[in-house]
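This report walks through the fold of one protein chain and the surroundings of its ligand. Please keep the sequence and the structure at hand while reading.

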Amino acid sequence: MTLASAAHNLVRQPEVVTASSITHVRPQDIPVRAFATQGQPTAVLGVGVCLPDRVLTNAELEQMVETTDGWIVERTGIRERRMAPPGTASWELGAAAGREALAAAGVEPEEVDLVMVASSSPDAPFPSMACRVQESLGLANAWAFDLLAACTGLLYEVAVADAMIASGRCRTALVIGAEVLSRILDWSDRSTCVLLGDAAGALVVGTPQRGGGIRSWCLGADGRLWNLLTYGQRADKGAYAVGDTEARFRMNGRETYLFAVDNFARQAEAVLAAAGLGVGDVDLFVPHQANRRIIEAAARRVGFSMDQVMVNIERFGNTSTATIPLALRDAADQGRLQPGDRVLLASFGAGLTWAACLLEWE
Ligand code: ACO
């Protein structure tokens, strides 16, 4: 068989593996492990965000697909989301958020040793978005790479930065989550297009001066559940391999929902146990903003009262890798983040992947 005919067979491969093909893995059978941090402490020193101006309301979505504002608000908590202008690159939003985070932290561009960009809507296989950000912000001393872990990408980046700083290989890292999800949505699929929005968020991660820092981590992935959230219908080999130029965001919402509630709750318990803390010790739980009902159900299961929980999904929808910086920024603006506060960050995403950490706010 020639290479050309092998490629042709691959492209013509008849099997359709959709995001609705259910893998029978019970959430409670997925191991969740946590550990306390060691070495040089690491803290969040600055937060930055970039939000496109254009607001897309539920009322507008009612004109586009068969849905209602009432359904969207009741099932998800989302009232509006942002849309980037056509042609916007994810890295452009990421660079703007990164610039704001550096200013907030009082860190000069040349002090950044490492820049990472995570995205569920990356611009291209290469060059990396991180290299575009590096050039754009003048991060002359930084090494740079992209990280793919869907919505968990931002916390995975923080985990990498934490390990680099703790081991003395790096002093300051800029971690970014940047999304133009509007360009990968199927705008005729009401079960997904109402959920997501465009935005970027960034954190400067470095050495604390006031005693704050990350105390424990829970990091995990379970590839058996790869088909709950996919890019395209024939995603078993990936959209590129099967020549799927029409690939769009696909999701098994029900199974993802069940996984997410269980995973949030078990991560929270594991990461608190690893830090030697209890639910009452947490000042603010900042979960990935995928669905208000997921957040409320997980909070109930762990035993958090809703005044310990940050929710801002109503204004931005699910912005994947950007939700946690957006939530931290809003929490700070509302006076809900003070030095010394114990903050629990938690996320989950396609892969499936998940991450949570317990930190003391610097
Ligand atoms: N408007 C009106 N009706 C709708 C809409 C809509 N926008 N979307 C779905 N429906 C209908 C369905 O067709 C279904 O109708 P049927 O009963 O006639 O078949 C009915 O509503 C119920 O559908 P369900 O999917 O059971 O609704 P559910 O209550 O589960 O809510 C939702 C759906 C909001 C998607 C929920 O399952 C969810 O939040 N899942 C998790 C999503 C998530 O966290 N995704 C992370 C992805 S991001 C990432 O990783 C990059």
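## Strand pairing and the basis of the model

Two strands are said to pair if DSSP finds at least two bridges between them. By that rule β12 pairs with β13, since 4 bridges join these two strands, which run parallel. One place to look for this pairing is P287, which stands opposite A346 in β13.

The structure discussed here is a predicted model, and the statements below should be read with that in mind.

## Two domains

The domain assignment divides the protein chain into domain 1, made of residues 32–36 and 213–360, and domain 2, made of residues 43–206. The centres of the two domains, taken over C-alpha atoms, are separated by 15 Å. Their contact takes 42 residues from domain 1 and 45 residues from domain 2.

On the side of domain 1 that touches domain 2, at least two residues each come from a set of elements including β9 (213–221), α9 (292–302), α11 (323–333) and β14 (353–360). The largest share of that side, 6 residues, is supplied by α11. By residue class, this side of domain 1 divides into 23 nonpolar, 13 polar and 6 charged residues.

## The ligand between the domains

Where does the ligand lie with respect to domain 1 and domain 2? Both domains give residues to the shell around the ligand, so the ligand lies between them. Of the 25 residues around the ligand, those that come nearest are T67, G253, Y257, A290 and N291. The elements that give two or more residues to this shell are α3 (69–76), α7 (190–193) and α8 (253–275), and the largest share, 5 residues, comes from α8.

In composition, the shell around the ligand divides into 12 nonpolar, 10 polar and 3 charged residues.

## The sheet with β5 and β6

Strands of a sheet pair through backbone hydrogen bonds, either parallel or antiparallel. One open sheet of this chain has 5 strands in the order β2-β8-β7-β5-β6, and its pairing is mixed. Its edge strands are β2 (43–50) and β6, each of which pairs on one side only, and the twist from one strand to the next averages 15°. Helix α5 packs on this sheet, where it touches β5, β6 and β7 (173–179), and its direction makes about 130° with that of β5. Helix α11 lies across β2, β7 and β8 (199–206), running at about 100° to β2.

Within this sheet, β5 (residues 114–118) and β6 (residues 143–147) run parallel and are joined by 5 bridges. The bridge partner of M116 in β6 is F145, while that of A118 is L147. Together with helix α5 (residues 129–137), these two strands make a right-handed β-α-β unit.

## The sheet with β12 and β13

A second open sheet is formed by 5 strands in the order β1-β9-β14-β13-β12, again with mixed pairing. At its edges stand β1 (34–36) and β12 (284–287), each with a single partner strand, so one side of each is left without a neighbour in the sheet. Neighbouring strands of this sheet are turned against each other by 15° on average, direction ignored.

Two helices can be followed across this sheet. Helix α6 lies across β9, β13 and β14, running at about 55° to β14, whereas α11 packs on the sheet by touching β12 and β13, its direction making about 145° with that of β12. Helix α11 thus recurs in this description: besides its contacts with β12 and β13, it lies across β2, β7 and β8, and it gives the largest share of the side of domain 1 that touches domain 2.

## Backbone details in the loops

Which residues are joined by cis peptide bonds in this model? One such bond joins F126 and P127, with omega about -5°, and P127 has its place in the loop between β5 and α5. Another is the peptide bond from G351 to L352, with omega near -15°, and L352 is found in the loop between β13 and β14.

A further backbone detail concerns A150, which has a positive phi of about 55° although it is not a glycine. This residue, A150, lies in the loop between β6 and α6 (153–166).

Notes:
Residues numbered from 1 in each chain as written. Predicted model: local features only at pLDDT ≥ 70, side-chain atom pairs only at ≥ 80, totals over all residues. Near = placed C-beta within 6 Å. Nonpolar A, V, L, I, M, F, W, Y, C, P; charged D, E, K, R; others polar. Domains from an automatic or database assignment. Contact = placed C-beta atoms within 7 Å. Right-handed = clockwise from strand over helix to strand, strands pointing away. Axes fitted to C-alpha atoms, helices over the stretch in contact; angles between N-to-C directions.
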